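Visitor: Could you take me on a close look at the surroundings of the ligands in this model? I would like to know what lies around each of them, and then whatever else is worth a stop along the chain.

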Amino acid sequence: MLPHSLAQFFHLRPAGPGALLTAATEQVRIDVYFGSQTGTAEEFALTIQKEGKMNGFDVKVIDLQSYDVDTLDSSNSIFVTATYGEGDPTDNAKEFVEWLVHKADPDSLKGMQFAVFGLGNSQYENYNTVGKTIDSHCERLGATRIMELGLGDDDKDIQQDFEEWKEKLWRTLHAHFDVDRVKEKCKTVETEISRKDIREKEHKYKLEVVSERTAMEFPQSSSVHSLDTNPMVNMTVTCNDELNKCTDRSCRHIELALNNSGLVYETGDHVAILPDNDPHDVEELAQRLGVSLSSWIYLVDDDSSSPFPCPCTVQKALCNYVDINGMPKRSFIEHLAMKAIDSNEKRRLETIAGRDDASVYQQYICEGRRNVLDLLREFPSVKLSLHDLLESLPRLQPRFYSISSGSNTHPESAHVTAVVVDDILPEGRRFKGVCTNFLKQTKETTFKLPNDSRTPVIMIGAGTGLAPLRGMCQHLETCSARGDELGHNVLIFGCRSSKQDYIYEDEINRWCQNKTISSLFLAFSRENPQQKVYVQNRVRENSQLLVDLIEKGAYIYVCGSTSMAKEVKRAFVGCFQDTRQMSTVEAEDLVHSLSKGGRYLQDVWS
Ligand SMILES: Cc1cc2nc3c(=O)[nH]c(=O)nc-3n(C[C@H](O)[C@H](O)[C@H](O)COP(=O)(O)OP(=O)(O)OC[C@H]3O[C@@H](n4cnc5c(N)ncnc54)[C@H](O)[C@@H]3O)c2cc1C
Ligand SMILES: Cc1cc2nc3c(=O)[nH]c(=O)nc-3n(C[C@H](O)[C@H](O)[C@H](O)COP(=O)(O)O)c2cc1C
């Protein structure tokens, strides 16, 4: 009989050589569907996949949004789904639940074998309604339940609920699909290897640390994580003000410009914000792991799929992809124990992982609010590798905020009112929330029009770089309509051709007619194969006008790709050389001083 904790790792261990043969002939396909809003259910589904593969099952994780009625009835399906609102499904599970409850024909799931784990919070009146609904309706439609419904309670210890259910799941699946022989063979192999080897968690992904040049030669990995398949959009912070009058608590009023994002909202909606991890924590973690933030990594499994987009730098992975501030899971702490050199630290970590006494984990990790960095600080003998860390930590999740503006009053921006989580814990440690501190330090964009509408502006944009410039032109047009005097405004816009991608042409023509724009210069790069024309060429051709305007106090706005912005800056240096007989150094200094003085502004991306 295996001790309890070893049994846990037994399931994590890949099948031995003999077992692999057995598994190869008997691999059972299991589909794990997740319904998740803030990522917990998806993480659980991915954990089942990771462990399932190691147990010899062919496991596929599927976003419930992509369910396929035609394949369900012949499947072995596990549903891992959360409940929201008034007992409602998550956004990605809505259609499926609607189909299951109201549209499916009787017996339409005959042939399906299923198990359900629901995620909920017992503080809510409709506790775990969605898990319960899926469980009962699958049975109603003829499917066979292979394991009783599991319920995770986020008000208590949902990780532990899931771990316990998962242990039972593997036992049930082994018995149900008669893959006991895999277990038997593993047991034989097991006697030949040490306890340490049994506990050693094999890597699912292969990690390569490479030079930037080599990284560029790798194909882009395919990450199936919903954060990568439905990527977030970048938004500009146009206002970031303190609302509280006291100094010990901070509440921020944040305004997010929607004009670049393609997003619209309705009053009462939420916005999900994906923060960066604290850069100081990221730096400390990299140092502790002994890796350089600028190194490039490639983390993929045999199917070239990865837990996040690769190749990327260590900086990107630690800053944007893994959750370094969340509560470490018990299995991760057990892993740290294994990596501890000092025997006292090892024992202490094993106790914290709390397989025997769950209260230690509750007190030390949950109530003590310790994250991975706290543990690495407090247990200096732990030798953790970057590979272990990246594989073990869940994805950094977006945080939800109620939009505090009305969509009819502020259609162009979504406002967020966020209380900054920054507390001193009883023993003196500081706990900082990831997203609220990220929001607090976001800078308002400096890409703003001068206060006086008479100040000339020179706007230069290529492609979608026109977006913020369009906003500026609209703003100036409104100023003019209400009687404000405008300065001499220049728009230099570049795209491929006047017939293909000359966006907002009608509006631009109108601005020229109503004198919002005094001078328009267009650069079409593919209209004349003999001579490609770019915005920087138009800048240089109009040196005299532009330099005159700059000397009258004009502000310059450049928006588009970083390479375009570089060329435009060089063109302005040329303008001063052409018209004012300056040396290159003098002209560069002048452009630099315009930037420093806030009159040469760029909104660029690579
Ligand atoms: C639908 C919805 C709407 C929301 N709307 C808003 C809103 O309008 N405004 C707003 O401010 N928030 C809102 N929230 C909460 C928000 O999503 C974040 O959870 C919150 O801002 C904290 O995020 P964070 O990344 O800064 O903190 P995190 O890094 O996520 O840390 C917060 C976690 O740490 C725990 N914690 C916090 N302080 C301590 C402490 N001293 N000791 C121990 N544990 C601690 C909390 O329980 C929480 O689990 C909303 C949440 C939801 C689900
Ligand atoms: C706004 C909100 C509403 C919720 N409503 C319910 C509910 O009605 N019933 C319930 O059991 N749990 C409810 N929960 C708890 C979630 O289901 C639980 O936290 C779950 O772990 C979230 O999983 P996810 O991260 O995969 O979205 C709610 C949580 C939030 C944040």
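Guide: What follows is a walk around the two ligands, with a few stops elsewhere afterwards. Please keep in mind that this is a predicted model.

Let us begin with ligand 2. This ligand is surrounded by 20 residues, and the closest of them are Ser36, Thr38, Thr40, Thr83 and Asp154. If you sort the shell by class, you find 12 polar residues, seven nonpolar ones and one charged one. Several polar contacts are worth finding on your screen. In the side chain of Tyr84, an N or O atom sits 2.7 Å from an oxygen atom of ligand 2. The backbone takes part too: an N or O atom of the Ala41 backbone is 2.8 Å from an oxygen atom of the ligand, and for a backbone N or O atom of Leu119 the distance to an oxygen atom of ligand 2 is 3.4 Å. On its own, ligand 2 would expose 650 Å², and the protein buries 83% of that. As for the elements that build this shell, helix 3 (40-54), strand 3 (76-84) and strand 5 each give two or more residues. Strand 3 provides the largest share, with three residues.

Now please turn to ligand 1. Here the shell holds 18 residues, of which Arg399, Phe400, Tyr401, Cys435 and Thr436 come nearest. By class, nine residues of this shell are nonpolar, six are polar and three are charged. Two of the nearest residues also make polar contacts through their side chains: a polar side-chain atom of Tyr401 is 2.6 Å from an oxygen atom of ligand 1, and one of Arg399 is 2.8 Å from an oxygen atom of this ligand. Arg369 joins in as well, with a side-chain N or O atom 3.1 Å from an oxygen atom of ligand 1. Taken alone, ligand 1 has 970 Å² of accessible area, and the protein covers 62% of this. At least two residues of the shell come from each of strand 16 (399-402), strand 17 (413-419) and helix 19 (434-441). Strand 16 makes the largest contribution to the shell around ligand 1, with four residues.

Further along the chain there is a helix pair to look at. Helix 20 (residues 466-481) and helix 21 (residues 505-513) have axes that come within 11 Å and cross at roughly 40°. The crossing of helix 20 with helix 21 is left-handed. On the side of helix 20, the contact is made by Leu466, Arg470, Cys473, Gln474 and Glu477, and helix 21 answers with Glu507, Ile508, Arg510 and Trp511. These contact residues divide into four nonpolar, four charged and one polar.

Two backbone details round off the walk. The first is a cis peptide bond, from Cys310 to Pro311, with omega near 0°. You will find Pro311 in the loop that runs between strand 14 (305-306) and strand 15 (312-313). The other detail is Asp107, which has a positive phi of about 65° although it is not a glycine. Asp107 belongs to the loop between helix 5 (94-103) and strand 5 (113-120), and strand 5 is one of the elements you met in the shell around ligand 2.

Conventions
Residues are numbered from 1 along each chain as its sequence is written. Chains are lettered from A and ligands numbered from 1 in the order in which they are written. This is a predicted model: local features need pLDDT of at least 70, side-chain atom pairs count only at pLDDT 80 or more; totals for chains, interfaces and linings use all residues. Side-chain values use heavy atoms; hydrogens and water are left out. Axes are lines fitted to C-alpha atoms, for helices over the stretch in contact, and angles run from 0 to 180 degrees between N-to-C directions. A crossing is left-handed if the near helix is turned anticlockwise from the far one by less than a right angle, and right-handed if clockwise. Contact means heavy atoms within 4.5 Å. Ala, Val, Leu, Ile, Met, Phe, Trp, Tyr, Cys and Pro count as nonpolar, Asp, Glu, Lys and Arg as charged, and the others, Gly among them, as polar. A residue is near a molecule or strand if one of its heavy atoms lies within 4 Å of it. A polar contact is a pair of N or O atoms within 3.5 Å; within protein, one must be able to donate a hydrogen and the other to accept it, and residues adjacent in sequence count only if both atoms are side-chain atoms. Accessible areas come from the Shrake-Rupley method with a 1.4 Å probe; for residues, only the protein chains shown count as cover.
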